[in-house]
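Please open the structure in your viewer and keep the selection tool at hand. The tour below proceeds stop by stop, naming what to select and what is to be found there.

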Amino acid sequence: MSSVSKSAGAVPVHKSKAKAAQTRRGLLYALPDWLMIIVLFFVPIVLLVVMACSRWSLLGGNRGVNFPDNFVKVFENKLFWPSIWFTLEYTVIVTVFLLVLGLGMTMIVQESSKWNNVLRTCFLLPSATGLASASLLFYALYSPQVGPVTKILSSLGLMQEGGSVLATGQSALWATIIVIVWRFSGYYMLLMMIGLQAIPGDLYEAARMDGAGSWRIFRSITLPLMKPTIVMCLVYCVTGSILAFDQFFILTKGGPNNSTMTVVQLIYNFAFDSKKDLGMAAALSLIVLVALVIINSIQMRGMRDNTK
């Protein structure tokens, strides 16, 4: 009787030791990932907070805590609110264009035809171009000296002879939007194509047997079942638009008269151009980070609500 009880008690001990060894092994496998997260995420965040709360110039280094002076100077800067409103305007326009065009191109290439492969290649080809390269390409196209765009618009009476597409704030905004739509619409088409192909074909067949038309099928089946994919694309698009820098830095450099100054460009100016103040740049970066966390949290909550 005692030998049976001893053997029964040994089994849980053996299992607990095996489970502990398995846990240690799993933690060991996850250690490189945790080290990368700490080094590449947590340490920069801590450094950002320290810089935002310190008098930290580009050449002079850290000169002590001055909280909340950096945040006060950021909010009092004359370019802060104009850059916020311009970034929001740009984000809304680009998001609408990319989501609508991405979904439209997805519906086009989803229909079976002999031109599908050609269309998919044409739509995806700009996505292989780097954003800086695409911006430089369109900068040459918009150039009054060598580009054809100015000559075409002048011949149509839409622009004065020798003018520039980037000469005014609104024209520079739309010229930049064209670059982004050309570069990223194929990428969002690919994302939405994955979501569309995940919808079971039986639903479409049943709807057609019930006499539903194309618009009714799109509104009642395609659009509701693609909501998680659309929300995911919305998160990507909004985040990328708020952090826009390369295209405006290459095409407009924030001009004319700071009319195309984005928030990230303002961070760059604080750090390396006008102020050379890393403390102000870090303070504005922290504000942008908090805003992005709030916006993305709202969007992700919308995704969870749509998937219930």
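Begin by selecting Ser54, which is found in strand β1, residues 54–57. In this predicted model, Ser54 has a relative accessibility of 4% and therefore counts as buried, the cut-off for that class being under 20%. To view its surroundings, add Asn62, Gly64, Val65, Asn66, Asn70 and Gly279 to the selection: Ser54 touches each of these, when residues up to four places away in sequence are not counted.

Proceed next to the bond between Phe67 and Pro68. These two residues are joined by a cis peptide bond, with omega at about 5 degrees. Pro68 belongs to the loop that runs between β2 (61–65) and α2 (69–76).

A second bond of this kind may be found by selecting Gly255 and Pro256, where the peptide is cis and omega is about -5 degrees. Pro256 is placed in the loop between α11 (246–251) and α12 (263–273).

Remain in this loop and select Asn257, which is also found between α11 and α12. Its phi is near 55 degrees, a positive value in a residue other than glycine. Is Asn257 buried or exposed? With a relative accessibility of 77%, Asn257 counts as exposed, because the threshold for that class is over 50%. Then select Asn258, which lies in the loop between α11 and α12. Asn258 has a positive phi of about 60 degrees, although it is not a glycine. Its relative accessible area is 37%, so Asn258 is partly exposed.

The following stop concerns a pair of helices. Display helix α3 (residues 80–110) together with helix α10 (residues 227–242); their axes come within 9 Å and cross at roughly 145 degrees. The crossing of α3 past α10 is right-handed. Which residues meet here? From α3, select Thr87, Tyr90, Thr91, Val94, Thr95, Leu98 and Leu99; from α10, select Cys233, Leu234, Cys237, Val238, Ser241 and Ile242. Coloured by class, the residues of this contact divide into nine nonpolar, four polar and no charged.

Keep Thr91 in view and add Leu190, a residue of helix α7. A distance drawn between the C-alpha atoms of Leu190 and Thr91 spans 21 Å, and the two are 99 residues apart in sequence. Leu190 has a relative accessibility of 36% and so counts as partly exposed.

The tour then turns to the largest pocket, which has a volume of about 330 Å³. Of the 15 residues that line this pocket, select Met107, Glu111, Tyr204, Arg208 and Thr222, the closest to its centre. Two or more lining residues come from each of α3, α7 (169–197), α8 (201–209) and α9. Which element gives the most to the lining? That element is α9, with four residues. By class, the lining comprises seven nonpolar, six polar and two charged residues.

Conclude with Thr222, one of the residues closest to the centre of the pocket. Thr222 is found in helix α9, which covers residues 214–225. At 2% relative accessibility, Thr222 counts as buried. Select Met107, Leu196, Ile199, Tyr204 and Ile217 to display its contacts, leaving aside neighbours within four places in sequence.

Definitions and conventions. Residues numbered from 1 in each chain as written. Predicted model: local features only at pLDDT ≥ 70, side-chain atom pairs only at ≥ 80, totals over all residues. Heavy atoms only, no water. Buried < 20%, exposed > 50% of the residue type's maximum accessible area, 1.4 Å probe, protein only. Contact = heavy atoms within 4.5 Å. Axes fitted to C-alpha atoms, helices over the stretch in contact; angles between N-to-C directions. Left-handed = near helix turned anticlockwise from the far one by under 90°. Nonpolar A, V, L, I, M, F, W, Y, C, P; charged D, E, K, R; others polar. 1 Å grid on protein atoms, 1.4 Å probe; cavity = no way out; pocket = protein on both sides within 12 Å on 5 of 7 lines; lining within 4 Å. Points joined across faces, edges and corners; volume = space filled by probe spheres on them.
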